[in-house]
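Please open the model in your viewer and keep the sequence panel beside it, since this tour moves from one selection to the next. At each stop, select what is named and then read on to learn what is there.

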Amino acid sequence: MKKYAIKKIGIIERYQEYLPVTERTPIISLNEGNTPLILAEALPGYLGLKNIRIYYKFEGLNPTGSFKDRGMTMAISKAMEAGAKAVMCASTGNTSASAAAYASRCGLKCFVLIPEGKIAKGKLIQAYRYGAKTIMVKGNFDQALEMVKQMTQDGKITLVNSINPYRIEGQKTAAFEIVDDLGDAPEYHAIPVGNAGNITAYWKGYKEYQKAGKSETLPKMVGFQAAGSAPIVLGHRVEKPETIATAIRIGNPAGWQSALAARDESGGLIEAVTDDEIAWAYKFIAEREGVFAEPASAAAVAGVIKLARRNYFQEGTRIVITLTGSGLKDPDYALSFDDLVEVVEPTYEAVRRVVQP
Ligand SMILES: *Cc1c(COP(=O)(O)O)cnc(C)c1O
């Protein structure tokens, strides 16, 4: 019988020379990363952009369905290397799903604090089923993160939120993959901004890869917050952040300063999009592109639409949009549109009436 070599390639193996790992680092991986860069077929035409290519970096295809896995493989591997016994995070959902999965893989205890009632169901069931101790806080993400900071202060439990620098290190590999795929950096990179770890990570990744001679140029980073939780755009904290895009429902981002640095060093911008604009973009990419991402991801698409309408993008350029998480994460939101279901009698005539080719 023929033997097949099953190659285990996660982001640490693929990019170890750019990551703070040694031979002593145990690699805790679920083969994360290597996500597709999908060419947008419908969006440029819809926007009347003739000579501009748009790509979706679809991070919803990571092992737990979001980009958080890139950071988590690093954070958990380094925690294991340091001899940790338990990890903890505050989460709008995807961080807890990812932490729970990677912790279960190596027998670490995992505690997750989530804001009560404001987390998408798919993410909640992941934390449960991967076996994390899940604690609901009667407050928002910012309050939950504050609790986690206090709980982990004495070093007995390792914090795995994106203020853990290893998270950023892992997440920067998405920028590497994009440059590897395109042969250079795109002219623009669009991304949703919540706690602002990811925009920080991409910018770091692009800069390091350029320094290593892998790309000649750097992109302009264009970040988008939801209008109801847009502290960076407003220039002040938002005490009660509100948006349908729960993954970016954050009023006091930990990465605030580094997000501003990414914006300013790259010559980009950070703006807000409304929940209506997010909803529209969310439906468009699913119905017209066949790409199903969660509402927070759609914020970046909504942002690109907004900028295109004011002719922000130059001709002959490429835009990469990070679709941060899978649409399957938030079934309640997906089913909140009343435009799909037809209920009919089980007869040929009844079905025929609705099926009009
Ligand atoms: C975490 C997350 C974000 C926000 O990323 P930050 O690093 O907090 O800015 C956006 N979308 C999804 C799906 C996420 O899980």
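Begin by selecting strand S3 (residues 86-90) together with strand S4 (residues 109-115), which run parallel and are joined by five bridges. Within this pair, colour Cys89 and look across to S4, where Val112 stands opposite. Bear in mind throughout that this is a predicted model.

Now widen the selection to the whole sheet around that pair, an open sheet of four strands with parallel pairing and the order S5-S4-S3-S6. At its edges you will find strand S5 (133-137) and strand S6 (158-159), each of which pairs on one side only.

Two helices can be added to this view. Select residues 121-129 to show helix H5, which lies across S4 and S5 and runs at about 140 degrees to S5. Then select residues 141-152, helix H6, which lies across S3, S4, S5 and S6 and runs at about 155 degrees to S3.

**The six-stranded sheet**

Turn next to an open sheet of six strands, in which the pairing is mixed and the order is S1-S2-S10-S7-S8-S9. The edge strands here are strand S1 (37-39) and strand S9 (269-273), each paired on one side only. If you look along the sheet, neighbouring strands are turned against each other by 25 degrees on average, with direction ignored.

Inside this sheet, select residues 53-58 and residues 318-323, that is, strands S2 and S10, which run parallel and are joined by six bridges. Showing Arg53 as sticks leads you to its bridge partner in S10, Arg318. With the sheet still displayed, add helix H8 (residues 173-182), which packs on the sheet and touches S1, S2, strand S7 (188-192) and S10, its direction making about 135 degrees with that of S2.

Move along to S7 and S8, which also run parallel and are joined by five bridges. Here His189 can be picked out, and its bridge partner in S8 is Met221. Is S8 mostly covered or mostly uncovered? Strand S8 (residues 220-226) is mostly covered, with six of its seven residues buried.

**Two buried residues**

Select Ser297, which you will find in helix H13 (residues 295-309). Because its relative accessible area is 0%, and buried means under 20%, Ser297 counts as buried. Which residues is Ser297 in contact with, once its neighbours within four places in sequence are left aside? They are Pro192, Thr322, Leu323, Thr324 and Gly325.

Continue to Tyr333, placed in helix H14 (residues 331-334). Tyr333 is likewise buried, with a relative accessible area of 11%. Leaving aside its neighbours within four places in sequence, Tyr333 is in contact with Ile244, Ala279, Tyr282 and Pro295. If you draw a distance from Tyr333 to Ala190, C-alpha to C-alpha, the two are 23 Å apart in space and 143 residues apart in sequence.

**Cavity and pockets**

For the last part of the tour, switch to a surface view. How many cavities of 30 Å³ or more does a search of the whole structure find? The search finds one, and about 290 Å³ of space lies in this largest cavity. To centre the view on it, select Phe67, Lys68, Gly194, Asn195 and Ala247, which are the closest to its centre of the 26 residues that line it. Helix H4 (94-106), helix H7 (165-171) and helix H9 (197-211) are the elements that give two or more residues to this lining. By class, the lining of the largest cavity divides into 10 nonpolar, 13 polar and three charged residues.

The largest pocket holds about 240 Å³ of space. Of the 13 residues lining it, those closest to its centre are Asp142, Gln143, Glu146, Arg237 and Asn252. Colouring this lining by class will show four nonpolar, four polar and five charged residues.

End at the second largest pocket, with a volume of about 170 Å³. Select Gly117, Lys118, Ile244, Thr246 and Asp330, the closest to its centre of the 13 residues in the lining. This lining divides into four nonpolar, three polar and six charged residues. One of the central residues just selected, Ile244, is also among the contacts of Tyr333.

Definitions and conventions. Residues are numbered from 1 along each chain as its sequence is written. This is a predicted model: local features need pLDDT of at least 70, side-chain atom pairs count only at pLDDT 80 or more; totals for chains, interfaces and linings use all residues. Side-chain values use heavy atoms; hydrogens and water are left out. Two strands pair if DSSP finds at least two bridges between them. Axes are lines fitted to C-alpha atoms, for helices over the stretch in contact, and angles run from 0 to 180 degrees between N-to-C directions. Contact means heavy atoms within 4.5 Å. On a 1 Å grid over the protein atoms alone, a cavity is a set of points where a 1.4 Å probe fits but cannot get out, and a pocket is an open set with protein on both sides within 12 Å along at least five of seven lines; lining residues have an atom within 4 Å of a point. Grid points are joined across faces, edges and corners, and a volume is the space filled by probe spheres set on the points. Ala, Val, Leu, Ile, Met, Phe, Trp, Tyr, Cys and Pro count as nonpolar, Asp, Glu, Lys and Arg as charged, and the others, Gly among them, as polar. Buried means under 20% relative accessible area, exposed over 50%, partly exposed in between (1.4 Å probe, protein chains only).
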